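Please read the following note beside the sequence and the model. The points are numbered so that each may be checked in turn.

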Amino acid sequence: MRKPVIKVSALILLLTILMMLTGTAAFAQTDQHIYDQAGLLTDSEISDLEAYAAEKSREQGTEFLLLTTDSTSGMPIIDYMGDFYDNLADQTGMENAVLLTIDIGGREFYLAGFGNAKTRLDNERVEMVLDRITPYMAQGQYAGAFRETIETADRYMEYKPGVNPESIFLQTWFHAAVALILAGGIVGTMLYNSGGRNTTTAATYIDRDHTRVTRDSDRFRNKTVTRRRIPKNNNSGGGFGGGGGMTGGGRSFSGGGRSF
Amino acid sequence: MVTHYKCPNCGSDMAFDATSGMLSCPNCGRQDDIETFPEENIQQKFAPEEAKEYHCENCGAVLLTEAETTATHCSFCGAPVVLADRLTGDLAPAKVIPFTISKDEAVAAFRKWTKNGRLTPRGFMNGDRIKKMTGMYVPFWLYDINGKAEVAAIGTRMRTYQQGDTVITETDFYDVYREIDLSYLKVPADASEKMDDELMDKLEPYDYSDLKDFRMPYLAGFLAEKYDFDEDALFSRVESKIVPYIDSYIGSTISGYSTISYTNKQINANKYKVYYTLFPVWMVYYDFENKEHTFAMNGQTGKVVGKPPISGGKVAAWFTGIAVSTFAALKAISYLVGGVLW
Ligand SMILES: [Zn+2]
Ligand SMILES: [Zn+2]
């Protein structure tokens, strides 16, 4: 009775190894998602976020990465980020990634989407994620900012490219509200009309031969002109690098950055 | 019926003076040509022995009919009625719309109506619990109304366009002025106290092409209610009925503006002709779950009004059905567009 159990265990072990191997091949999965060179996170935050990032990366087929630094050595944060990613991708063969870079020295942060994340987290969606993480950055909650980045980007990337994921028309509460209001309106009208409807109108008793305008005038009086400037899309912290770009290594990305 | 010519000066009954061939007033001496005598001053009254009046001791209804018709029960409450009087000298109706829907047709039309009740309980929809159906003529006053409206308003026309990163809104203001002649013909108001005004309003409209000069035989076999309110008492009701009509007509004469705000609106409406008229109504008494429900049917068009019982289950089912299917449809659309279900 023991032998079959051992056989089954061996088979499961073999399958697991196979799955891990194929998994690695398919997603080029890295075991590290957080490169906290500036030491902004505590050890427990890092281990929590590593686990969370690994889980979401597996689900999305896109690596969620965090890079922090004290200094970009005088380079623009976009170039610094690009060099880092070129390096990492060359080493690991990584293709799809969402990378949040925090330069604590220059007090700037930049979010970029590489590979399929370039379309699935396009420039508009990057700006929406930035809007959501800016408050965390301002308060120094860097772990919270990264968690929010993963959570929101993960959610947005489920939507078809080009669609605004925050559009009211895609929200469940909106669907529920419309359904309830419509049902209430129709059934209310049915109830109201159940005792018979008033079908006379303004036209029923009018005597068209003798109802008419006898004097009318429409005189121009005055004119007012108001001008309103369209507010620039820049948020308070000041945005830059919107629209993404290309790394030194020739990898194009979607992206946007903010100061804090 | 007896025709009375009311003196336009003093309201006395004028008499026909054979020597002059004119109508002359015994009170003030005014003389009028009978051919050109104003119609609104001619009144018909019941002649002796021509009409009878019944009283209902249960609900107090006063009913009248022609001499040959014998009434036994009240058309409102079904209680026995007692003969009160032979009517003489009472104002007779000037116009009538005769019944065009017979009792059998009325029963069939009512049954059909109960089947359309989407919110009524299943048992009600069989339409086979008609307890009683009585045809009666309900007294109405029909008013010919003319008047004038004078309105002043400020209208705006707005134009919005973009120039560079600036949105420019140009608003032109206009002084709008209208003087309007108003005329409404034969606007009805029911003169019966017992009849629910809202119910009677919903029975409208009647087709006035069938409006006939009143003759006694129209009453044969039918009861008519006697009017409780005279023409002056009801005019305010008719006024409140036509004010929304007038407002909407005024609105239709001012077009092409983005916004309109009235600075002055004066409406003056007067009745210049009134017709005492009988409209045909079938009263339907329907038993359902030990309760009697009363409905009224337009005896000319078959339109049914009255509050039917409502099934809470059906209301809930309709509500849920519409809400769920709308929700599902919106979800499906948003899935097609956005690629995400939740
Ligand atoms: Zn007189
Ligand atoms: Zn009665």
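**Note on chain B**

1. Chain B is divided into domain 1 (2–92), domain 2 (103–310) and domain 3 (311–342); these bounds come from an automatic or database domain assignment. The C-alpha centres of domain 1 of chain B and domain 3 of chain B are 63 Å apart.

2. This is a predicted model, in which local features need pLDDT of at least 70 and side-chain atom pairs count only at pLDDT 80 or more, while totals for chains, interfaces and linings use all residues. Residues are numbered from 1 along each chain as its sequence is written, chains are lettered from A and ligands numbered from 1 in the order in which they are written, and side-chain values use heavy atoms, with hydrogens and water left out.

3. The zinc ion (ligand 1) has as protein donors B:C7 (SG), B:C10 (SG), B:C25 (SG) and B:C28 (SG), at 2.2 to 2.4 Å. Donors are N, O and S atoms within 2.8 Å of the metal (3.2 Å for Na, K and Ca); water is not among the atoms, so sites may look incomplete. The spacing of the donor residues in sequence is C-x2-C-x14-C-x2-C.

4. Why is the arrangement around the zinc ion (ligand 1) called tetrahedral? The four donor atoms subtend angles of 102 to 121 degrees, and four donors count as tetrahedral if all angles lie between 85 and 135 degrees.

5. B:C7 is buried because its relative accessibility is 3%, whereas B:C10, at 34%, is partly exposed. Buried means under 20% relative accessible area, exposed over 50%, and partly exposed in between (1.4 Å probe, protein chains only).

6. B:W342 is exposed, with a relative accessible area of 65%.

Methods: Four donors count as tetrahedral if all angles lie between 85 and 135 degrees; four count as square planar and six as octahedral if opposite donors are over 155 degrees apart and all others between 65 and 115; anything else is irregular.
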